[in-house]
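Thanks for coming. I will take a few minutes on one protein, starting with the whole chain and then going to a few places in it.

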Amino acid sequence: MAAVSVSLSPSLAHLPLLGIPRNSRISAITLIRSSSLSSPSIMEEQQRKRVVVCGGGVIGVCTAYFLAKKGAAVTLIEKSSVACAASGKAGGFLAFDWCDGGAISKLARASFNLHRSLAEELDGPRSYGYRPLDTISLTIDEEQQRRSAGSTRSNPAVPSWVDRPCRNPRTIGTTATTAQVHPQFFTRTLLSAAVDKHGVEVVIGKLESVEVEGSRVVSVALQGGRVIEAAAVVLTLGPWSSKLPLLSSLFRVSGLKAHSIVLEPKDPEAISPHALFLSYYHSSHGGKPMDPEVYPRPTGEVYICGMSAEAEVPDDPESIMGDPESIQTLKRVAGNVSSHLMEGEARVKAEQACILPCTDDGVPIIGEVPGVKGCYVATGHSCWGILNGPATGAAMAELVLDGCASIVDLAVFSPSRFVGGRRR
């Protein structure tokens with residue numbers, strides 16, 4: 001096989017702030033199986049179950065990692081670049097118990113704990129900005145701010161950098177229950193470990209079809225004619241699940257376009273590690289609050305997201321651009337949260353958007369595809385994909401290799417729930 005080199009280049013200018021040397025392995029990695037890895041014997045190779053994972057976002061990478069760690073021979077297929085879509089542009093916020101009472105409660109709790117274990121294993125604080133942090137909800141009203149012109153310190157109950165008028169501060173998460181990662185760094189660090197330690201092969205190519213013989217998966221075909229044989233195939237295509245007839249004939253995965261900006265304040269040391277969840281009143285929204293979120297990162301950056309709406313899923317994930325009006329609104333939010341984030345006090349590093357995968361019933365789809373033995377799917381995680389990636393990947397690895405998942409019961413997530421019903 002010809003070597004495929006894939007650049008995994010996070011923002012190199014900020015890596016030293018995480019303690020990562022500029023010449024670290026994370027900056028440029030050749031994602032192929034190579035002689036530098038301890039190669040299994042021919043017999044061992046023949047005995048390893050060959051699994052193809054399609055999709056290089058956080059769900060696919062976590063699945064590939066845990067499959068390979070359990071002994072599978074894994075090939076990961078990504079049509080563009082690893083973590084180029086939502087897995088690279090998400091906020092990376094993690095919550096232990098925020099999903100309690102819903103279908104994903106146990107998945108979220110298991111995954112939050114797995115994130116903590118992975119951070120210890122992979123030196124997460126240094127490698128991808130893992131850190132626990134406190135989380136606060138508060139209300140900002142632009143009209144109230146106009147009436148409070150000249151006031152700088154809004155409330156002693158909020159962090160000092162939140163120096164614009166606000167009200168109703170409330171602690172909704174502590175360092176025991178909320179945390180964060182830089183999602184792109186996390187996904188690419190995990191893939192680096194999967195390649196270096198467990199021999200995962202990465203192929204850049206577009207999936208054309210899943211080949212089935214006698215109701216059992218046998219291979220995948222890529223654009224250009226390449227065929228990769230497999231004993232099992234895991235489809236982790238995010239919102240692009242809707243582009244594959246094998247899946248779209250069973251259920252619908254729609255796209256939710258979410259916007260974000262990344263700011264670099266002049267004085268990053270002034271920004272304490274507090275995530276903010278806002279009820280933000282803006283005159284143009286007819287009295288209804290928006291719900292933007294603000295996440296300071298250990299890199300010194302501040303990530304701000306919001307302004308979501310259903311959108312068509314384009315063929316090319318890297319073609320997704322933010323709507324100018326939504327981006328401008330987020331900049332306005334930033335300046336009304338903190339003087340440190342106002343225009344002139346913070347450089348805009350990124351203006352971006354991504355498409356989140358959503359299901360009709362709001363529950364992720366995780367399990368074996370009905371009627372196709374050896375073909376599995378994991379998609380539809382919406383805004384909780386980064387949080388639930390590790391437990392989803394670990395559960396899929398158990399399902400594929402052991403026949404059932406023990407880390408979490410996958411019954412509620414099974415795609416078979418759509419059988420017999422017409423997808424909407």
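Among contacts in the protein between residues at least 6 apart in sequence, what percentage join residues at least 24 apart? The figure is 73%. Please keep in mind that what you see is a predicted model.

Now the general inventory. The secondary structure comes to 10 helices and 19 strands. The protein has 424 residues, and 57% of them count as buried. Its accessible surface is about 17700 Å², with 50% of that belonging to carbon and sulfur atoms.

Next, one helix. H10 covers residues 385-402. Does its length agree or disagree with what 18 residues should span? It agrees, because at 1.5 Å a residue the expected span is 26 Å, and the end C-alpha atoms are 24 Å apart. The helix does bend, by about 30 degrees, at alanine 391. As for its surroundings, 16 of the 18 residues of H10 are buried, so the helix is largely enclosed by the rest of the structure. After H10 comes glycine 403, with a positive phi near 95 degrees.

Positive phi also turns up at two residues that are not glycine. Alanine 83 has a phi of about 60 degrees. Where is alanine 83? It sits in the loop that runs between strand S2, residues 73-78, and helix H3, residues 86-89. Its relative accessible area is 2%, and because buried means under 20%, alanine 83 counts as buried.

The other is methionine 307, where phi is positive and near 55 degrees. Methionine 307 is in a strand, S16, which covers residues 302-311. Its relative accessibility is 23%, so methionine 307 counts as partly exposed.

Last, aspartate 141. This residue belongs to strand S5, residues 134-141. Is aspartate 141 buried or exposed? It is buried, at a relative accessible area of 17%. What does its side chain lie close enough to for a distance of 2.9 Å? A polar atom of the aspartate 141 side chain is 2.9 Å from the backbone nitrogen of glutamate 143. Setting aside neighbours within four places in sequence, aspartate 141 is in contact with Arg167 and Tyr281.

To go back over the single residues: alanine 83 is buried in its loop, methionine 307 is partly exposed, and aspartate 141 is buried. That is what I have for today.

Notes:
Residues numbered from 1 in each chain as written. Predicted model: local features only at pLDDT ≥ 70, side-chain atom pairs only at ≥ 80, totals over all residues. Heavy atoms only, no water. Helix = DSSP H or I, 4+ residues; strand = E, 2+ residues; numbered from the N terminus. Buried < 20%, exposed > 50% of the residue type's maximum accessible area, 1.4 Å probe, protein only. Polar contact = N/O pair within 3.5 Å; in protein donor to acceptor, adjacent residues only side chain to side chain. Contact = heavy atoms within 4.5 Å. Expected span 1.5 Å × (residues − 1). Bend = angle between axes of the 7 residues up to and from the residue. Areas by Shrake-Rupley, 256 points an atom, 1.4 Å probe, with all protein chains shown as cover.
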